[in-house]
Amino acid sequence: MENSEGVKIESTVVTEEPLISALDIALFVVIITVAYFWYFKRDKQSSSSEKKPYTIQPSSLSSIEQTSNSSFIKKLKSTGRSLVVFYGSQTGTAEEFAGRIAKEGARYKMKGMVADPEECDMADLVEMKEIQKSLAIFCIATYGEGDPADNAMDFYEWLQNGDADLEGLNYAVFGLGNKTYEHYNEIAIYIDQRLEELGATRVHEIGLGDDDANIEDDFVSWKEKLWESVCSHYGIEETGEESNIRQYKLVDCSEVLPERIFSGEISRLKSYENQRFPFDVKNPYLSKIAVNRELHKSGDRSCMHIEFDIDGSKMRYDTGDHVAVYPKNSSELVDKIGELLNADLDAVFSLLNTDEESSKKHPFPCPCTYRTALTYYLDITSNPRTHIMKELIEYASDPKDQEKLKLMASSTPEGKKEFHEWILRDNRNIVHILEDLPSVKPDLDHLCELLPRLQCRYYSISSSPKVYPKSIHITAVLVNYTTPTNRVNKGVATNLLAQLIPTNDELPQPTIPIYIRRSQFRLPPKSQTPIIMIGPGTGLAPFRGFIQERDYARKEGREIGEMVLYFGCRKKDEDFIYENELQEYVANGTLTKLHLAFSRDQPEKKYVTHLLEQNADELWNIIGEKSGHLYVCGDARSMAKDVHSIIVKVVMEKGQMTNSQALNYVKKMEQQKRYSADVWS
């Protein structure tokens, strides 16, 4: 703006002051031009730097300097390594598995490193053959509707679009998925096959981890056979050396100035005090809670309607998107860890990677206090994996505790059984383990290194930006349950949200960090297209936004297609959420039909799937005869699968097709985005 105004001024001066020489004018234009490009180039660099992979070390070394060298080949060669383990991770599990494999490489005379494909030039894979006895391992997660993790997207597209000659590359792939989803481990399977197509050599068959069952067991079993294949392929033997080597070293930061200490920020120091757009996974927006009200009318369960204020944030969302909420652990659990380990939770520390070549200098933002780490950065409520059991052995002073940990850390049938029963079935977290094995007293800094990162929680947005452009609504059930050991486990995010009740305008409103994750769960482009929505319980959430958007279009005078909603809950007078809203949409004609199933309001159970079977003609009329869209939201394990089976059956019967033809028809619907699912397990 200033520069363009400057040019206009210069033009006026030339007209009114003809005595100025041509040289003066030329110099002035050059100065203005240089200033213009310098200003906007600086602005662009400033904007792009916010999107770069973040550094969490508040030192003089910038994130640009740390990530400028994207050649993992140079790092391998300069440090005498032959093993690189890439991870495509959405929740941190794939990254954790990658770290465990790289660590174990030392036992097989293969010094390893972990690498984020987003920070690497993956075209360098063609040069792996230059390193003797080299191996690339890929721990790759599939999430959503067969999508790669965000940090693996570029690598996935490079494989799809490129034709690099990967002859001489030795590789192995482990996939992380969930069998309740249709696209089970689709990304890992593709990468495994594509690498072979490009000439690479598969050293060991692909491993497929199922998070719906026991992905830890799947990984450990695959990893053991992997190393057998590696030894056979390279003609090497296991050294027998244990790999319990610390990845990070403790640094005392008691002298660090308070303004240089992280207090819960995800990436940038003081980011919650100085908010900068754009907001994303590494730079969330600190949103005020505008509304927090109970949706259930009675009963001992709770379902919350929560509205996040995004006014002034420049954040935009579409109907069907998800909002990520960053939770924090309860102070009660955090204090319990400090008490059990007799630790000073307010001591300031840092964990520094012992591998100087690693781009990941710290496991979480450092320096910080132990209290901050346990509250904001570490997952202390999930079931620990077997490698943590193994690392805790050295801290057990009681032989019985030591033997129990050794058994659970082993891969024997007895060990797997004990781990499954004592950890998974009894639902013990790290606090419970320290309580039930009282002689186990790990160093707190080592425990902080071992525990996985606390992950954000995703919720389907239950509002339309057309109606609520300045707020995001979610619908969340409060999670509380009693474990077999008579402990009460509480959902990390929902129990935090339940405490964030807005007050009057004179007091500061409660806040929580959020960001928007884009979704493919979308209304048809044309408002006239008929749709069927199937969403029992909180599966109703995105459809509330769908209905709001269509209602907005109707009020604008546009034609809207049929909208049929299938909703179910336990009891009409207890947990029929948004009842008044839905009935109003039926009354004004936006919602064509509302099919309701109250499972416990009569002797026999009644679910939405029963209603679908009863309304086969209506289903076929919309998805078959009118080429409408069908949406499913809710439980993936049973409800979504049952719905899929019913749809195939309806297509067979009403469309007069064979089973194979019906399956292909439904598959085509999915490919055309006419059959969409937003499900969870």
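Which side chain meets that of Lys593 in a salt bridge? The partner is Glu618, at 3.1 Å from N to O.

## Basis of the report

This is a predicted model, in which local features need pLDDT of at least 70 and side-chain atom pairs count only at pLDDT 80 or more, while totals for chains, interfaces and linings use all residues. Residues are numbered from 1 along each chain as its sequence is written, and side-chain values use heavy atoms, with hydrogens and water left out.

## Salt bridges

The structure holds 42 salt bridges, a salt bridge being a side-chain nitrogen of Lys or Arg within 4 Å of a carboxyl oxygen of Asp or Glu. One of them joins Lys593 and Glu618. This pair links distant parts of the chain, 25 residues apart: Lys593 belongs to strand E21 (residues 593–598) and Glu618 to helix H21. Helices (H or I, at least four residues) and strands (E, at least two) are DSSP runs, numbered from the N terminus. Lys593 is partly exposed at a relative accessible area of 40%, whereas Glu618 counts as buried at 14% relative accessibility. Here buried means under 20% relative accessible area, exposed over 50%, and partly exposed in between (1.4 Å probe, protein chains only).

In a second pair, the closest N and O atoms of Asp445 and Arg246 are 2.8 Å apart. Asp445 is in helix H15 (residues 444–450) and Arg246 in the loop between helix H8 (215–234) and E8, so that the pair links distant parts of the chain, 199 residues apart. Asp445 counts as buried, at 10% relative accessibility; Arg246 counts as partly exposed, at 26%. A third bridge brings Arg371 and Asp346 together, with the closest N and O atoms 2.9 Å apart. Because Arg371 lies in helix H10 (residues 370–377) and Asp346 in the loop between helix H9 (331–340) and E12, this pair ties together parts that are 25 residues apart in sequence. Arg371 is partly exposed at 30% relative accessibility, and Asp346 is partly exposed at 47%. In addition, a network of salt bridges links Lys336, Glu339, Arg425, Asp426, Arg428, Glu435, Asp436 and Arg487.

## Charged surface patches

Arg570, Lys571, Arg600 and Lys605 form a positive surface patch. Patches are made of residues with over 30% relative accessible area and no salt bridge; like charges are joined within 9 Å, and nonpolar side chains (Val, Leu, Ile, Met, Phe, Trp, Tyr) within 5 Å. Lys and Arg count as positive and Asp and Glu as negative, with His and the chain ends not counted. Lys571 is placed in the loop between strand E20 (563–569) and helix H18 (572–575), and its relative accessible area of 34% makes it partly exposed.

A negative surface patch consists of Glu118, Asp150, Asp154 and Glu157. Within this patch, Glu118 occupies the loop between strand E2 (112–115) and strand E3 (135–143) and is partly exposed at 38% relative accessibility.

## Annotated binding site

An unreviewed UniProt entry lists Arg301, Thr538, Ser599, Arg600, Lys605, Lys606, Tyr607, Val608, Thr609 and Asp642 under "binding site". Such annotations may be inferred rather than shown by experiment. Arg600 and Lys605 are also among the residues of the positive patch. Val608 is placed in helix H20 (residues 608–614) and is buried, with a relative accessible area of 4%.

## An enclosed helix

Helix H16 (residues 492–499) is largely enclosed by the rest of the structure, because six of its eight residues are buried. The buried residues are Val492, Ala493, Thr494, Asn495, Leu496 and Leu497.

## Backbone features

Most residues other than glycine have a negative phi, and most peptide bonds are trans. A cis peptide bond, with omega about 5°, joins Phe277 and Pro278; Pro278 lies in the loop between strand E8 (248–252) and strand E9 (285–294). The bond from Cys366 to Pro367 is also cis, with omega near 0°, and Pro367 is in the loop between strand E12 (348–353) and strand E13 (368–369).

Asn185 has a positive phi, near 55°. Its place is the loop between strand E5 (170–177) and helix H7 (186–197), and it counts as buried at 0% relative accessibility. Ser627 likewise has a positive phi, of about 50°, and lies in the loop between helix H21 (616–625) and strand E22 (629–635). At 43% relative accessibility, Ser627 counts as partly exposed.

Notes:
Areas by Shrake-Rupley, 256 points an atom, 1.4 Å probe, with all protein chains shown as cover. Charge placed at Lys NZ, Arg CZ, Asp CG, Glu CD.
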